[in-house]
Amino acid sequence: QLVESGGGLAQPGGPLTLSCTASGSIYSPTVMVWYRQAPGKQRELVASVLSGGMPVYADSAKGRFNISRDTAKKMVYLQMNSLNPEDTAVYYCYMHANYDFWGQGTQVTVSS
(Lines give C-alpha, C1' and ligand atoms only; values in the text may rest on other atoms or scores of the structure.)
Protein backbone atom coordinates (compact mmCIF):
# COMPACT_ATOMS: atom_id res chain seq x y z
CA GLN A 1 0.00 0.00 0.00
CA LEU A 2 3.10 2.18 -0.01
CA VAL A 3 5.07 2.31 -3.22
CA GLU A 4 8.56 3.75 -3.37
CA SER A 5 10.23 4.92 -6.55
CA GLY A 6 13.33 6.77 -7.62
CA GLY A 7 16.00 4.34 -6.50
CA GLY A 8 18.86 3.26 -8.70
CA LEU A 9 22.52 3.88 -9.33
CA ALA A 10 23.97 7.22 -8.33
CA GLN A 11 27.44 8.67 -8.73
CA PRO A 12 29.41 9.58 -5.61
CA GLY A 13 28.72 13.20 -4.86
CA GLY A 14 25.57 13.14 -6.93
CA PRO A 15 21.89 13.50 -6.14
CA LEU A 16 18.93 11.17 -6.09
CA THR A 17 15.34 11.72 -5.07
CA LEU A 18 13.07 9.03 -3.70
CA SER A 19 9.30 9.20 -3.69
CA CYS A 20 6.72 7.23 -1.75
CA THR A 21 3.03 7.15 -2.55
CA ALA A 22 0.30 5.87 -0.27
CA SER A 23 -2.64 3.99 -1.71
CA GLY A 24 -6.17 5.28 -1.48
CA SER A 25 -6.95 3.09 1.55
CA ILE A 26 -4.46 5.03 3.68
CA TYR A 27 -5.99 8.19 5.08
CA SER A 28 -4.30 11.17 6.68
CA PRO A 29 -0.96 9.69 7.62
CA THR A 30 0.44 11.50 10.61
CA VAL A 31 3.95 10.13 10.51
CA MET A 32 6.09 9.70 7.41
CA VAL A 33 9.55 8.24 7.67
CA TRP A 34 12.37 7.03 5.48
CA TYR A 35 14.46 4.14 6.75
CA ARG A 36 17.32 2.32 5.12
CA GLN A 37 19.05 -1.00 5.53
CA ALA A 38 22.51 -1.66 4.24
CA PRO A 39 23.78 -5.21 3.68
CA GLY A 40 24.63 -6.84 6.98
CA LYS A 41 23.32 -3.92 9.01
CA GLN A 42 20.17 -3.15 10.93
CA ARG A 43 17.47 -0.96 9.51
CA GLU A 44 18.02 2.65 10.55
CA LEU A 45 15.96 5.81 10.48
CA VAL A 46 17.12 8.30 7.90
CA ALA A 47 14.57 11.09 8.21
CA SER A 48 11.08 11.62 9.54
CA VAL A 49 8.40 14.26 9.38
CA LEU A 50 5.23 14.46 11.42
CA SER A 51 2.09 16.35 10.54
CA GLY A 52 2.80 19.96 11.29
CA GLY A 53 6.20 19.09 12.66
CA MET A 54 9.75 19.82 11.77
CA PRO A 55 11.77 17.17 9.97
CA VAL A 56 14.19 15.07 11.96
CA TYR A 57 17.33 13.62 10.43
CA ALA A 58 19.88 11.01 11.33
CA ASP A 59 23.32 12.50 11.83
CA SER A 60 24.45 10.82 8.62
CA ALA A 61 21.72 12.63 6.68
CA LYS A 62 21.95 16.10 8.17
CA GLY A 63 22.95 18.74 5.68
CA ARG A 64 22.70 16.34 2.75
CA PHE A 65 19.17 14.95 2.73
CA ASN A 66 15.82 16.70 2.75
CA ILE A 67 12.53 15.04 3.60
CA SER A 68 9.31 16.64 2.48
CA ARG A 69 5.68 15.63 2.37
CA ASP A 70 2.64 16.42 0.31
CA THR A 71 -0.20 15.59 2.64
CA ALA A 72 -2.91 16.10 0.03
CA LYS A 73 -1.23 13.65 -2.32
CA LYS A 74 -0.20 11.34 0.52
CA MET A 75 3.36 11.40 -0.67
CA VAL A 76 6.71 11.75 1.00
CA TYR A 77 9.98 12.54 -0.71
CA LEU A 78 13.62 12.15 0.17
CA GLN A 79 16.01 14.39 -1.69
CA MET A 80 19.52 13.10 -1.28
CA ASN A 81 22.59 15.10 -2.19
CA SER A 82 26.31 14.54 -1.90
CA LEU A 83 25.78 10.82 -1.91
CA ASN A 84 28.61 8.55 -0.91
CA PRO A 85 29.05 4.77 -1.08
CA GLU A 86 28.01 4.48 2.59
CA ASP A 87 24.53 5.58 1.52
CA THR A 88 24.13 2.38 -0.46
CA ALA A 89 21.15 0.56 1.01
CA VAL A 90 17.57 -0.44 0.48
CA TYR A 91 15.42 2.55 1.39
CA TYR A 92 12.02 1.97 2.93
CA CYS A 93 9.10 4.28 3.31
CA TYR A 94 6.95 4.08 6.44
CA MET A 95 3.72 5.82 7.28
CA HIS A 96 1.44 5.71 10.29
CA ALA A 97 -2.25 6.25 9.73
CA ASN A 98 -4.02 4.36 12.53
CA TYR A 99 -1.90 1.44 11.44
CA ASP A 100 1.70 1.01 10.38
CA PHE A 101 2.41 0.78 6.68
CA TRP A 102 5.69 -0.14 4.99
CA GLY A 103 6.81 0.02 1.42
CA GLN A 104 8.63 -2.80 -0.32
CA GLY A 105 11.87 -0.86 -0.46
CA THR A 106 13.89 0.63 -3.26
CA GLN A 107 17.57 -0.04 -3.84
CA VAL A 108 19.98 2.87 -3.85
CA THR A 109 23.51 2.11 -4.98
CA VAL A 110 26.20 4.76 -4.90
CA SER A 111 29.15 3.79 -7.01
CA SER A 112 31.36 5.10 -9.75
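Visitor: Which residue does the side chain of Asp-87 meet in a salt bridge, with 2.9 Å from N to O?

Guide: Welcome! This is a predicted model, so every value here is computed from it. Asp-87 lies in the loop between β8 and β9, and its salt-bridge partner lies in strand β4, residues 31-37. That partner is Arg-36.

Visitor: How many residues apart in sequence are the parts that this pair ties together?

Guide: One end of the pair, Arg-36, belongs to strand β4. The other end, Asp-87, sits in the loop that comes between β8 and β9 (89-97). The salt bridge therefore ties together parts whose separation in sequence is 51 residues.

Visitor: Is Asp-87 buried or exposed?

Guide: Here a cut-off helps: buried means under 20% relative accessible area. Asp-87 has a relative accessibility of 1%. Because that value falls under the cut-off, Asp-87 counts as buried.

Visitor: Arg-36 and Glu-44 also meet in a salt bridge; is Arg-36 buried, partly exposed or exposed?

Guide: The side chains of Arg-36 and Glu-44 meet at 2.7 Å, N to O. Glu-44 is partly exposed, at 35% relative accessible area. For Arg-36 the relative accessibility is 6%, so Arg-36 counts as buried.

Visitor: Which residues do salt bridges with shared partners join into one network?

Guide: We have already met Arg-36 with two partners: Asp-87 and Glu-44. The network also takes in Arg-64. Its members are Arg-36, Glu-44, Arg-64 and Asp-87.

Visitor: Which residue forms a salt bridge with Lys-62?

Guide: A search of the whole structure finds 4 salt bridges. In the one with Lys-62, the closest N and O atoms are 3.1 Å apart. The partner is exposed, with a relative accessible area of 65%, and its name is Asp-59.

Visitor: Now for the strands. What is the strand order in the open sheet of 4 strands?

Guide: The pairing in this open sheet is antiparallel. Its edge strands, which each pair on one side only, are β1 (2-5) and β7 (65-70). From one strand to the next, the twist averages 15°. The order is β1-β3-β8-β7.

Visitor: Which residue in β8 stands opposite Cys-20?

Guide: Strand β3 covers residues 16-22, and strand β8 covers residues 75-80. These two strands pair in the antiparallel sense over 6 bridges. The residue of β8 that stands opposite Cys-20 is Val-76.

Conventions: Residues are numbered from 1 along each chain as its sequence is written. This is a predicted model: local features need pLDDT of at least 70, side-chain atom pairs count only at pLDDT 80 or more; totals for chains, interfaces and linings use all residues. Side-chain values use heavy atoms; hydrogens and water are left out. Two strands pair if DSSP finds at least two bridges between them. Axes are lines fitted to C-alpha atoms, for helices over the stretch in contact, and angles run from 0 to 180 degrees between N-to-C directions. Buried means under 20% relative accessible area, exposed over 50%, partly exposed in between (1.4 Å probe, protein chains only).
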